[in-house]
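Biologist: Could you walk me through this model, with a little care about what each term means?

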Amino acid sequence: MTRENKKKNEKIKMNRFFMIGCHALLAISAVVLIYLYGMRKNLIEDCKQELLEGVSRSAREVSNRIENKFITLETIQDLVSRSYEIGQESAEPLESARERYAMSSLGVVDKNYIYYDSSGESVPDISHEQIDRVFSGAKTVICSTDGYAPDGLVFAVPYRKDGEIIGAICSKYPAGDLIAGLESKVLDVAELIVDSAGNLVFSSNDFGEYIGNELTWEEVSRNGVKLTQKKQFDDEMLKNQSAVSSAKNRLGERIYFAAARVMSYNDFYVIHFTNSKIVEEKIQNTMLWAYLMLALMTMCMIFLIVGAAVTYSKNRKKIYREAYENPLTKIPAKTKHKLDAQELIDKQENKYAYVTFDIDNFKYINEVFGYEYGNRVLIHIANVIKEFASEKELYAHISGDNFALLLIDEGTEEELSQRIQKLFTTITESQGEDSDLNLCKLKISCGVYRIEGATDINHVRANANIARTECKKQVLHDIVYYDEALKARRVEERELEYDAEDALKNGEFLVYFQPKYDVATERIIGAEALIRWNHSVRGMLSPGIFVPLFETTGFIIELDMYVLEQVCKLIAAWLKKGITPVCISVNLSRTHLYEQNLVKRLVSVVKKYNVPPNYIEFELTESAFYEQSGTLLQVMEDIKREGFRLSMDDFGSGYSSLNLLRRLPVDVLKLDKEFLAEDGGGDDIERGKRIVMHVISMAKDLEISVLAEGVETKGDKDFLQEARCDMIQGYYFAKPMPMSEFDSLYTEKDSNILLEKG
Ligand code: C2E
Ligand code: MG
Ligand code: MG
C-alpha cells in the first residue's frame, strides 16, 4: 500500500469516525428531546390535575357555605313565623333574628312579590320568576339583577305558616363571600361562579387577565360550563361533576380551565382559569434544570466525541509516524526500514550485508544513569550512523537500543569488519569526548549477515539477529558473522533453553568440586563449585556450552542459587559431623549484578542452612569488572559486609586493570590459566612468568591472596611456589569431581595431603 493510499484510508476512517460520532450525538439528542417533551407534557398534566383538585375543593366549600346559609334561613323561618305576620307594622322579630345571626339583611316576600325588610322597609315586586320557585318549595339563590341586590346574591327559602308556604324568607349576601379565602395555593387562578344558564354569579376581578383581555365573557362563559366544544370535557363533567381542559383564546394563548359543580345547589358551577404563562412559570424551574442537564450532556458528548476524535487521530498519526520514523532519534523506524531494505535487496544492484547491533545491558544503563541519559546515548548513535551510511545504504532505529544498517558489501569479510569497527570506534570515541555522554563505557554487540541473492528481509534480519545473540555471549568480540553452524547452534541452544527448567527440577544439574591447595603445604584449603549438566539425551555437558546461554536468558541466576544451596548443604553436613569446613567458592554470573535483591537472596540461602558466611566465597569473573560502576562496587561491598569472601576470577583473561584491584574489595585474585599457557613458548613463557611474579607481589602489597588456576604441571607448581603464590587449583592436583568424591577426599585425612607427583 502506498503512502498516499494509507493517508486516504486514514481520512476515510476519520470521516467515518466523525459520522458515527455525529449520528450518535443526534440520536442521543433526539432521545433526550423526546424525553424532555414527555416531561413537559407530564408537568402540564400535573398542573391541570392541580387545577382540577383546586376547583373541586372550592366547589365543595361553596356548597358547604350555601348549605349553611339555607340552614340558617330555615332556622330563622322557624323562629320568626311564630311571632311575625308578613307585612305587620313592626318588623322587630325579623330584626332581632337578623342581629342574632349577624346577617347583613333579612326580609320576607309575600305572595304578591312585596319584600318586607327587617328594618321595616318594603320593596315592591322583586323578580317573580325566581321567587316563584321558592313559593313552590325550593330553596333558591337569586342572582340579583335588579335594584334590590345589585352586587350580591339573595338566599331564599320558603316561609311557612302552619305547614303552608305563604312567602319566602330572604337574606342578601355578597357573592364574593361564597368563595372568599378559597384561592388555590398551588396555582395562581381566576375564580368564577356561574349559574347553569351561563350567567356570571361571581368573578375574581383579575379574571380578564387570565383569559386574555380581548376575550369577552360572552365568548368564554355565556354557555356556562360549555366553555369548550370538547366532548371529552362534557363527558367528564357529566361523569365526575368536574372536569379540566384547555383551549386557545383569540390571541392564540392557551387557557387552562377546570369546572366543578356545586353539589348543594346544582345551578352553580365554580370555574378556575389560568393561562399558559402561569403554567409555564410553574414548570419553568423543573424544565430549566432539564434543559441545563441536556445542554451539559450535549456539551459532554461533543467534548467526548471531539476528544475521542482528536486522540484517535493523534494516535493514528503517532502509530503511523512511529512505524516510519523513530520518535526519539528521528531516523527511519523498523517498518520503513524493512520496506526500503527489501527494495534495495530485490534490486540486486549491489551486494549487501545486514548489520544489527545493540548496547549490552542498556536496560541497566537506563536504570543507573537515568532514562534521559539513555536517550542521549541513542540519539548520539543515531547521529553517527546517519553520517556513516552512504547514499545507497540504509540505517534504522529498530527498537529500544537496537539499530540496523544495510551496508554495501562488495569486498572481503575483513574489509567489512574494519568498516563496522570504525563505526563503533566513532560511536565510542565521540561518546568519550562528550561530557554529557561519557558517564559509562558502551559495549556494543553486533551481528552481521552477508546477504546472498534476493532474500526475504525477515529472513535476513533473523540471521543477523542470531549472530547478534551469539555476540552477546562472547565477551571479547563485538562483531559476529552469521553462518549455518551458528544457526545449528542456535537451534541447539533453543532446545537447551527449553529443557533447562525441567532439568533443574529433575536433578540433571550436578555440582562438581575442584579442590584448591595451599602452595606451601599442598593441603586442601578450599574448593570451587562448578556446575555440570547431565543432560538426559546429550549426556554430560560442560558449563561452556550452557552458562553463556543461560546468561542471556537469565536462567543462570536460578542455577547459581542452586549451586549455592548444594554447597551450603555440604558445609552444613560437615559442621554437623564436627568437621571443620574449608571455604568453598561459588561462581556468580555478572547477570546477577543487575538483580535487585541479590545480596538478600544470598544471605537467605546461607541462613537457611545455618552456614557461617565466611565459608562461602563468591567468584566474580573479570569481565564483570569492565562494566565498572557504582552498582558493582556497591554489590561487592554489600557481599563483603555480610561476611562472605570475594574473589576476582579469570584475572588476566581480558583487559585486566591492576588499577582496578586497588578499588575493589576482593580477598582473592584468581590468575587465569592463560598466564601459564605455553602456546607462545620461549620468551613468551618467560615474560608471562615475570608478569605473574609482579602481579603476585602487587596483590600481596594490597593484602590480596593469589590463586593460580589451571595448574597442570609440576613445573608450573614449582614456579608458583617460588613466586610465593598462595593457592593452586588445577588438574595437576585434582580435576573437578562429584560432591561425594570431594567429600571423602577432604574428610579422609590421609588423602588430604596430596603426594608429590613424579
Ligand atoms: P572458572 O570459574 O574459571 O572455572 C575454572 C574452569 O577451569 C573450570 O572449567 C575447570 O574445570 C577448569 N580447570 C580447572 N583446572 C584446570 C586445568 O588444570 N586445566 C584446564 N585446562 N582447565 C582447568 P569448567 O568447570 O568447564 O567451567 C568453565 C567456566 O564456566 C567457569 O570458569 C565458570 O566461569 C563457568 N562456570 C562453571 N560453573 C559455574 C557456575 O556454577 N556458575 C556460573 N555462573 N558459572 C560457572
Ligand atoms: Mg570460577
Ligand atoms: Mg576461572
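Here are some questions and answers about the metal sites, the ligand and a cavity.

Biologist: Before we start, what should I know about the numbering and the model?

Modeller: Happy to help: residues are numbered from 1 along each chain as its sequence is written, while chains are lettered from A and ligands numbered from 1 in the order in which they are written. This is a predicted model in which local features need pLDDT of at least 70, side-chain atom pairs count only at pLDDT 80 or more, and totals for chains, interfaces and linings use all residues, with side-chain values using heavy atoms and leaving out hydrogens and water.

Biologist: Which residue bridges the magnesium ion (ligand 2) and the magnesium ion (ligand 3)?

Modeller: Donors are N, O and S atoms within 2.8 Å of the metal (3.2 Å for Na, K and Ca), and water is not among the atoms, so sites may look incomplete. The magnesium ion (ligand 2) is held by Glu-528 (OE), Asn-587 (OD1), Glu-619 (OE) and Asp-649 (OD) at 2.0 to 2.2 Å. For the magnesium ion (ligand 3), the protein donors are Asp-649 (OD), Asp-650 (OD), Glu-709 (OE) and Glu-709 (OE), at 2.1 to 2.4 Å. The two ions lie 3.9 Å apart, and the residue that bridges them is Asp-649.

Biologist: How many residues apart in sequence are the parts tied together by Asp-650 and Glu-709?

Modeller: The donor residues of the magnesium ion (ligand 3) follow the spacing D-D-x58-E. Asp-650 sits in strand β22 (residues 645-651) and Glu-709 in the loop between β24 (705-708) and α21 (714-722), so the parts they tie together are 59 residues apart. Helices (H or I, at least four residues) and strands (E, at least two) are DSSP runs, numbered from the N terminus.

Biologist: Is Glu-619 buried or exposed?

Modeller: Buried means under 20% relative accessible area, exposed over 50%, and partly exposed in between (1.4 Å probe, protein chains only). Among the donors of the magnesium ion (ligand 2) are Asn-587 and Glu-619. Asn-587, at 23% relative accessibility, counts as partly exposed. Glu-619 has a relative accessible area of 1%, so the answer is buried.

Biologist: Which atom of ligand 1 lies 2.5 Å from a polar side-chain atom of Glu-712?

Modeller: A residue is near a molecule or strand if one of its heavy atoms lies within 4 Å of it, and of the 23 residues around ligand 1, Glu-528, Asp-560, Asp-649, Glu-712 and Tyr-731 come nearest. Polar side-chain atoms of Arg-532 and Asn-587 each lie 2.9 Å from an oxygen atom of ligand 1. For Glu-712, the partner is a nitrogen atom.

Biologist: Where does Glu-522, with its positive phi, lie?

Modeller: Glu-522 is not a glycine, yet its phi is about 60°. At 9% relative accessibility, this residue counts as buried. Its place is the loop between β17 (509-518) and β18 (524-535).

Biologist: Which elements give two or more residues to the lining of the second largest cavity?

Modeller: A cavity is a set of points on a 1 Å grid over the protein atoms alone where a 1.4 Å probe fits but cannot get out, and lining residues have an atom within 4 Å of a point. The second largest cavity is lined by Leu-25, Ile-28, Ser-29, Val-32, Leu-294, Met-297, Thr-298 and Met-301. The elements that give two or more of these residues are α1 (3-80) and α8 (276-324).

Conventions: 1 Å grid on protein atoms, 1.4 Å probe; cavity = no way out; pocket = protein on both sides within 12 Å on 5 of 7 lines; lining within 4 Å. Polar contact = N/O pair within 3.5 Å; in protein donor to acceptor, adjacent residues only side chain to side chain.
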